[in-house]
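Welcome! Let us take a friendly walk through one protein model and see how its side chains meet. Have a look at the picture below before reading on.

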Amino acid sequence: MNLELMKAGFPPIDIKFADRIAYYNAFDEYHVKHSSGAMEKLFAGYVNARLDSYLMMLEK
């Protein structure tokens, strides 16, 4: 997943242990409903947080 993010120009992400249930549920949703919405939302939140941290570093 991180390789695909980086190939698309995004930073790699780390799924937090605390979010493992949401991560597993996103896989279940895709398997059962063939919907990638939950996974996209989870990954987008992590990518946005990573980009925000990069921007904060640049401001200093």
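## A charge over a ring

In this predicted model, the charged end of R20 sits over the ring of F17, at 4.0 Å from the ring's centre. Try finding R20 and F17 in the picture before moving on.

## Rings that meet

How many aromatic pairs are there? The count comes to two. In one of them, the ring centres of Y23 and Y24 are 6.1 Å apart. The planes of these two rings stand at 45°, so the pair is tilted, as an angle from 30 to 60 degrees is neither stacked nor edge-to-face.

Y23 also pairs with F27, and here the arrangement is edge-to-face, with 4.9 Å from centre to centre and 85° between the planes. Both Y23 and F27 belong to helix α2 (residues 20-33), where they are four residues apart, about one turn of the helix. Through these ring pairs, Y23, Y24 and F27 are linked into a cluster.

Are these rings buried or exposed? Y23 is partly exposed, at 22% relative accessibility. Y24 is partly exposed as well, at 48%, and F27 is partly exposed with a relative accessible area of 44%.

## The nonpolar core

Now for the inside. In soluble globular proteins, nonpolar side chains tend to be buried together. Here the largest nonpolar core has eight residues: L5, I13, A26, M39, L42, F43, Y46 and V47. Which helix gives the largest share of this core? That is helix α3 (residues 37-59), with five residues.

L42 is a core member worth a closer look. Setting aside neighbours within four places in sequence, L42 is in contact with I15, A22 and Y23. You have already met Y23 in the ring cluster.

## Two salt bridges

Side chains of opposite charge can pair when their charged atoms come close. This structure holds two salt bridges. E4 forms one with K7, and their closest N and O atoms are 3.1 Å apart. These two residues lie in helix α1 (residues 2-7), three residues apart, about one turn of the helix. E4 is partly exposed, at 48% relative accessible area, while K7 is exposed, at 59%.

In the other salt bridge, the side chains of D14 and R50 meet at 3.5 Å, N to O. D14 lies in the loop between α1 and α2 and R50 in helix α3, so this pair ties together parts that are 36 residues apart in sequence. D14 is exposed, with a relative accessible area of 54%, whereas R50 is partly exposed at 25%.

Definitions and conventions. Residues are numbered from 1 along each chain as its sequence is written. This is a predicted model: local features need pLDDT of at least 70, side-chain atom pairs count only at pLDDT 80 or more; totals for chains, interfaces and linings use all residues. Side-chain values use heavy atoms; hydrogens and water are left out. A nonpolar core is a set of buried Ala, Val, Leu, Ile, Met, Phe, Trp, Tyr and Cys residues joined through side-chain atoms within 4.5 Å. Buried means under 20% relative accessible area, exposed over 50%, partly exposed in between (1.4 Å probe, protein chains only). Contact means heavy atoms within 4.5 Å. Rings of Phe, Tyr and Trp (its six-membered ring) pair if their centres lie within 6.5 Å; planes under 30 degrees apart count as stacked, over 60 as edge-to-face and the rest as tilted. A charge sits over a ring if NZ of Lys or CZ of Arg is within 6 Å of the ring centre and within 35 degrees of the ring normal. A salt bridge is a side-chain nitrogen of Lys or Arg within 4 Å of a carboxyl oxygen of Asp or Glu.
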